[in-house]
Amino acid sequence: MEKFIKYFEEAKIELQKVIFPTKDQVKNAYIAVFVVVLIVSLFLALIDLTMSFTLSHIM
């Protein structure tokens with residue numbers, strides 16, 4: 001039981017050292033991820049359309 005209590009005390013100390021992101025940082029990261037996913041999905045859609053168009057005209 002003593003190890004269990006010591007574990008939670010140390011965990012509490014470590015959590016006090018953590019720097020959590022601010023709302024602005026979270027918002028900026030969310031926007032960055034959204035933009036990158038949008039660009040990659042548009043690029044892949046363009047590649048897919050190009051290949052589909054090319055293959056349909058070949059066959």
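1. **Secondary structure.** The protein has 2 helices and 0 strands. The model is a predicted one. Helix α1 covers residues 2-17. Helix α2 covers residues 23-58.

2. **Overall form.** For a compact globule of 59 residues, a radius of gyration near 10 Å would be expected. The protein has 25 Å instead. Its C-alpha trace spans about 75 × 30 × 10 Å along the principal axes.

3. **Burial and surface.** What share of the 59 residues is buried? The figure is 0%. The exposed area of the protein is about 6100 Å². Carbon and sulfur atoms supply 74% of that area.

4. **Aromatic pairs in helix α1.** The structure holds 3 aromatic pairs. One of them joins F4 and F8. Their ring centres are 4.9 Å apart and their planes stand at 75°, so this pair is edge-to-face. Planes over 60 degrees apart earn that label. F4 and F8 are separated by about one helical turn, because they sit 4 residues apart in helix α1. F4 is partly exposed, at 48% relative accessibility. F8 is partly exposed too, at 47%.

5. **The stacked pair in helix α2.** Y30 and F34 also form an aromatic pair. Is the pair stacked or edge-to-face? It is stacked, with 20° between the planes and 6.5 Å from centre to centre. Y30 and F34 are 4 residues apart in helix α2, so about one helical turn separates them. Y30 counts as exposed because its relative accessibility is 59%. F34, at 48%, counts as partly exposed. The cut-off for exposed is over 50%.

6. **The aromatic cluster.** Which residues do ring pairs link into a cluster? They are F4, Y7 and F8. The edge-to-face pair of F4 and F8, described above, brings together two of these residues.

7. **The nonpolar patch.** Y30 and F34 belong to a nonpolar patch on the surface. The other members are I31, V35, L38, I39 and L42. Together the patch residues have about 720 Å² of accessible area. V35 lies in helix α2. Its relative accessibility is 39%, so V35 counts as partly exposed. A patch residue needs over 30% relative accessible area, so V35 clears that cut-off.

8. **Salt bridge of E10 and K6.** Side chains of opposite charge can pair when their charged atoms come close. The structure has 2 salt bridges. In one of them, the side chains of E10 and K6 meet at 4.0 Å, N to O. The rule asks for a distance within 4 Å. Both residues are in helix α1, 4 residues apart, so about one helical turn lies between them. E10 is partly exposed, because its relative accessible area is 41%. K6 is partly exposed as well, with 49%.

9. **Salt bridge of K17 and E14.** How far apart are the closest N and O atoms of K17 and E14? They are 3.3 Å apart, and the two residues form a salt bridge. K17 and E14 both lie in helix α1. They are 3 residues apart, about one turn of the helix. With a relative accessible area of 56%, K17 is exposed. E14 is partly exposed, with 45%.

10. **H57 in helix α2.** H57 lies in helix α2. Its relative accessibility is 59%, so H57 counts as exposed. A polar atom of the H57 side chain lies 3.0 Å from the backbone oxygen of F53. What separates H57 from L42, a member of the nonpolar patch? Along the chain they are 15 residues apart, and their C-alpha atoms are separated by 23 Å.

11. **Points to keep in view.** The helix count is 2, with 0 strands. The radius of gyration is 25 Å, against near 10 Å for a compact globule of 59 residues. Buried residues make up 0% of the protein. The salt bridges of E10 with K6 and of K17 with E14 are in helix α1. The stacked pair of Y30 and F34 is in helix α2.

Note on methods: Residues are numbered from 1 along each chain as its sequence is written. This is a predicted model: local features need pLDDT of at least 70, side-chain atom pairs count only at pLDDT 80 or more; totals for chains, interfaces and linings use all residues. Side-chain values use heavy atoms; hydrogens and water are left out. Patches are made of residues with over 30% relative accessible area and no salt bridge: like charges are joined within 9 Å, nonpolar side chains (Val, Leu, Ile, Met, Phe, Trp, Tyr) within 5 Å. Accessible areas come from the Shrake-Rupley method with a 1.4 Å probe; for residues, only the protein chains shown count as cover. Buried means under 20% relative accessible area, exposed over 50%, partly exposed in between (1.4 Å probe, protein chains only). Rings of Phe, Tyr and Trp (its six-membered ring) pair if their centres lie within 6.5 Å; planes under 30 degrees apart count as stacked, over 60 as edge-to-face and the rest as tilted. The radius of gyration is taken over C-alpha atoms; the globule rule is 2.2 Å times the number of residues to the power 0.38. A polar contact is a pair of N or O atoms within 3.5 Å; within protein, one must be able to donate a hydrogen and the other to accept it, and residues adjacent in sequence count only if both atoms are side-chain atoms.
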